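Dear colleague,

Please find below the structure for your consideration. I should be grateful if you would read the notes that follow with the coordinates open.

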Amino acid sequence: MEKSVLNAHSLIFTISCPDQSGIVYAVTGLLTQVGANITQSQEYRDPRQNRFYIRLQADVPGGRLTIEAAFAALAARFEMDYTISDASPMRTIIMCSKDPHCLTDLLAKQREGRVPIDVVAVVSNHETLCPHADFYGVPFIHIPVTKDTKADAEAQLLKLVDDCDAELVVLARYMQILSDDVCQALAGRIINIHHSFLPSFKGARPYAQAHARGVKLIGATAHYVTADLDEGPIIEQDVARVSHAQDVPELQAMGAEVERQVLYRAVRWHAEHRVLHDGLRTVVFE
């Protein structure tokens, strides 16, 4: 975690706007005027859409109240879509089913201070992983889901998100398809992880299907959840090489390790406000 993350006045500015001259000068000039110290700055220009993206982190005396009104006026001048966020751990709900690898990895990295999230609850449609949540001292909420109870279960989930004031929901191998209503309610703040065999190997036992086809690469994809199943904007992907020598359990173990790392990076980058949306794509300031 960066050294300024726990500073009460450390703010993160994310900006997307039509590209034109003077943007960086105007933003940094405003920060200088209020006595801010810029600790990080990253920029990207998308020539396809003629848009400019910036992520700035700065220590601002007095915090948000010092700069919000002036920044809003600047944003109007440059037609900016922007956010100003406190650089503090993001309140997060992790959802899972029976596979523990992604859940325990995030909980361990939170405890180690390697990912700036505050896990306020673990939600599962099974009770299998309750001991893992207990070990890390995180409340475990069992919300069973059946065809007949799905609507009620999702209503419980959305109420929990509101009650916990959760800013992020992570599907850490949660093996249920969420309804369009939930996807829309949590748009832009719900992340999923899945193996990258989709759509080649859909359905049950994808690693067995991949083994039977003799794949040479396995991987994982972390993306934002949308109503279009597994079609949301991609945040991170990675792969591992395999050969005929690996059996199905070995492929599963290798795939689980890739999933851990991909989901960790995606959650960390989101929690650090490093992911900006560019239509169906993302701009990720690593």
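The notes below concern a pocket, an annotated span and two backbone conformations.

Please bear in mind that this is a predicted model.

The second largest pocket has a volume of about 450 Å³. Its lining comprises 21 residues, of which T14, T83, V275, L276 and H277 are the closest to the centre. At least two lining residues come from each of β1 (10-18), β4 (81-86), α8 (248-271) and β12 (275-278); β4 provides the largest share, with four residues. By character, the lining divides into eight nonpolar, eight polar and five charged residues. Because domain 1 (8-86) and domain 2 (90-284) both contribute residues to this lining, the second largest pocket lies between them.

As to the record, an unreviewed UniProt entry carries the annotation "domain: ACT" for residues 12-89. In the model, this span is 33% helix and 41% strand, and its end C-alpha atoms are 12 Å apart.

Two residues merit a look at the backbone. Most residues other than glycine have a negative phi. E79, although not a glycine, has a positive phi of about 55 degrees; E79 sits in the loop between α2 (64-78) and β4. R173, also not a glycine, has a positive phi of about 65 degrees and belongs to the loop between β8 (168-171) and α6 (180-185).

Is each of these residues buried or exposed? E79 is exposed, since its relative accessible area of 57% is over 50%. R173 is buried, since its value of 12% is under 20%.

With kind regards

Technical notes
Residues are numbered from 1 along each chain as its sequence is written. This is a predicted model: local features need pLDDT of at least 70, side-chain atom pairs count only at pLDDT 80 or more; totals for chains, interfaces and linings use all residues. Side-chain values use heavy atoms; hydrogens and water are left out. On a 1 Å grid over the protein atoms alone, a cavity is a set of points where a 1.4 Å probe fits but cannot get out, and a pocket is an open set with protein on both sides within 12 Å along at least five of seven lines; lining residues have an atom within 4 Å of a point. Grid points are joined across faces, edges and corners, and a volume is the space filled by probe spheres set on the points. Ala, Val, Leu, Ile, Met, Phe, Trp, Tyr, Cys and Pro count as nonpolar, Asp, Glu, Lys and Arg as charged, and the others, Gly among them, as polar. Domain bounds come from an automatic or database domain assignment. UniProt positions are given in the numbering used here, feature names are shortened, and annotations may be inferred rather than shown by experiment. Buried means under 20% relative accessible area, exposed over 50%, partly exposed in between (1.4 Å probe, protein chains only).
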